[in-house]
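Visitor: I am new to this structure and would like a close look at a single part of it. Please take one residue and its surroundings, and then lead me outward from there.

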Amino acid sequence: MSETLQPVIKRAESIEYHTVDAGEGFRKSVLIGPEDGAPNLAIRRFELEPGASVPKHTNEIEHEQYVLEGQYTVGIDGEEHTVSAGDALLIPAGAVHWYRNDGDSPGAFLCAVPNGDDAIDVLE
């Protein structure tokens, strides 16, 4: 008999943010993930301070992203794209990608990923 999935409500004030070592001015939180009982996906929030950058890297898993605020540059497989609030992105598994916030205001996005192992390979 399988365990019944229980609802989870996490309040904003209880969500912790952590600096991401790979980038400067870049931090993340896991909004809902496996530690909350989510069986398939994790939803994360990333924030890029003005001047923040994340080096070129690849992931073994796909990323679906939704831009919440600000405007910043996302590089995907050699092409740069300016994204802003309301834009949505699919970054396929294995795609070389990076981020840069050249603006004066913070950028933020949600990122949904499948649960499980992910190997990150920083290329710079």
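**A buried glutamine and its surroundings**

Guide: The side chain of Gln 65 makes a polar contact of 2.7 Å with the side chain of Tyr 99, and this pair is a good place to begin, with the reminder that the model is a predicted one. Gln 65 belongs to strand E4, and because its relative accessible area is 4%, below the 20% limit, it counts as buried. Setting aside the residues up to four places away in sequence, Gln 65 is in contact with Asp 87, Ala 88, Leu 89, Ile 91, Tyr 99, Phe 109, Leu 110 and Cys 111.

From the other side of the pair, Tyr 99 has contacts of its own, and with residues up to four places away in sequence again left out, it touches Leu 48, Ala 52, Ser 53, Val 54, His 57, Gln 65, Tyr 72, Thr 73, Val 74, Ile 91 and Phe 109. Several of these names return in the largest nonpolar core, which has 20 residues and in which Phe 26, Leu 48, Tyr 72, Val 74, Tyr 99 and Phe 109 have the most contacts. Two or more residues of this core come from each of strand E3 (41-59), strand E5 (71-76), strand E7 (88-91) and strand E9 (107-114), and E3 gives the most, with five residues. In soluble globular proteins, nonpolar side chains tend to be buried together.

Leu 110, one of the residues in contact with Gln 65, lies in strand E9. With a relative accessible area of 26%, Leu 110 is partly exposed, whereas Gln 65 is buried. Apart from residues up to four places away in sequence, Leu 110 touches Leu 31, Ile 43, Arg 44, Arg 45, Glu 64, Gln 65, Tyr 66 and Leu 68. One of these, Leu 31, is 79 residues apart from Leu 110 along the chain, and the C-alpha atoms of the two are separated by 9.2 Å.

Strands E3, E4 and E9 also take part in another feature, since they are among the elements that give two or more residues to the lining of the largest pocket, together with strand E2 (24-32), strand E8 (97-100) and strand E10 (120-122). About 440 Å³ of space lies in this pocket, and of the 26 residues that line it, Lys 28, Arg 44, Phe 46, Asn 59 and Ile 120 are the closest to its centre. E3 supplies the largest share of the lining, six residues, and by character the lining divides into 15 nonpolar, seven polar and four charged residues.

Asn 59, named there among the residues closest to the centre of the pocket, is found in strand E3. Its relative accessibility is 6%, so Asn 59 counts as buried. The side chain of Asn 59 is joined by a polar contact of 3.2 Å to the side chain of His 97, and by another, of 2.8 Å, to the side chain of Asp 118. Beyond the residues up to four places away in sequence, Asn 59 touches Ala 93, Gly 94, His 97, Asp 118, Ala 119 and Ile 120; of these, Ile 120 is also among the pocket-lining residues closest to the centre.

Note on methods. Residues are numbered from 1 along each chain as its sequence is written. This is a predicted model: local features need pLDDT of at least 70, side-chain atom pairs count only at pLDDT 80 or more; totals for chains, interfaces and linings use all residues. Side-chain values use heavy atoms; hydrogens and water are left out. A nonpolar core is a set of buried Ala, Val, Leu, Ile, Met, Phe, Trp, Tyr and Cys residues joined through side-chain atoms within 4.5 Å. Buried means under 20% relative accessible area, exposed over 50%, partly exposed in between (1.4 Å probe, protein chains only). Helices (H or I, at least four residues) and strands (E, at least two) are DSSP runs, numbered from the N terminus. Contact means heavy atoms within 4.5 Å. On a 1 Å grid over the protein atoms alone, a cavity is a set of points where a 1.4 Å probe fits but cannot get out, and a pocket is an open set with protein on both sides within 12 Å along at least five of seven lines; lining residues have an atom within 4 Å of a point. Grid points are joined across faces, edges and corners, and a volume is the space filled by probe spheres set on the points. Ala, Val, Leu, Ile, Met, Phe, Trp, Tyr, Cys and Pro count as nonpolar, Asp, Glu, Lys and Arg as charged, and the others, Gly among them, as polar. A polar contact is a pair of N or O atoms within 3.5 Å; within protein, one must be able to donate a hydrogen and the other to accept it, and residues adjacent in sequence count only if both atoms are side-chain atoms.
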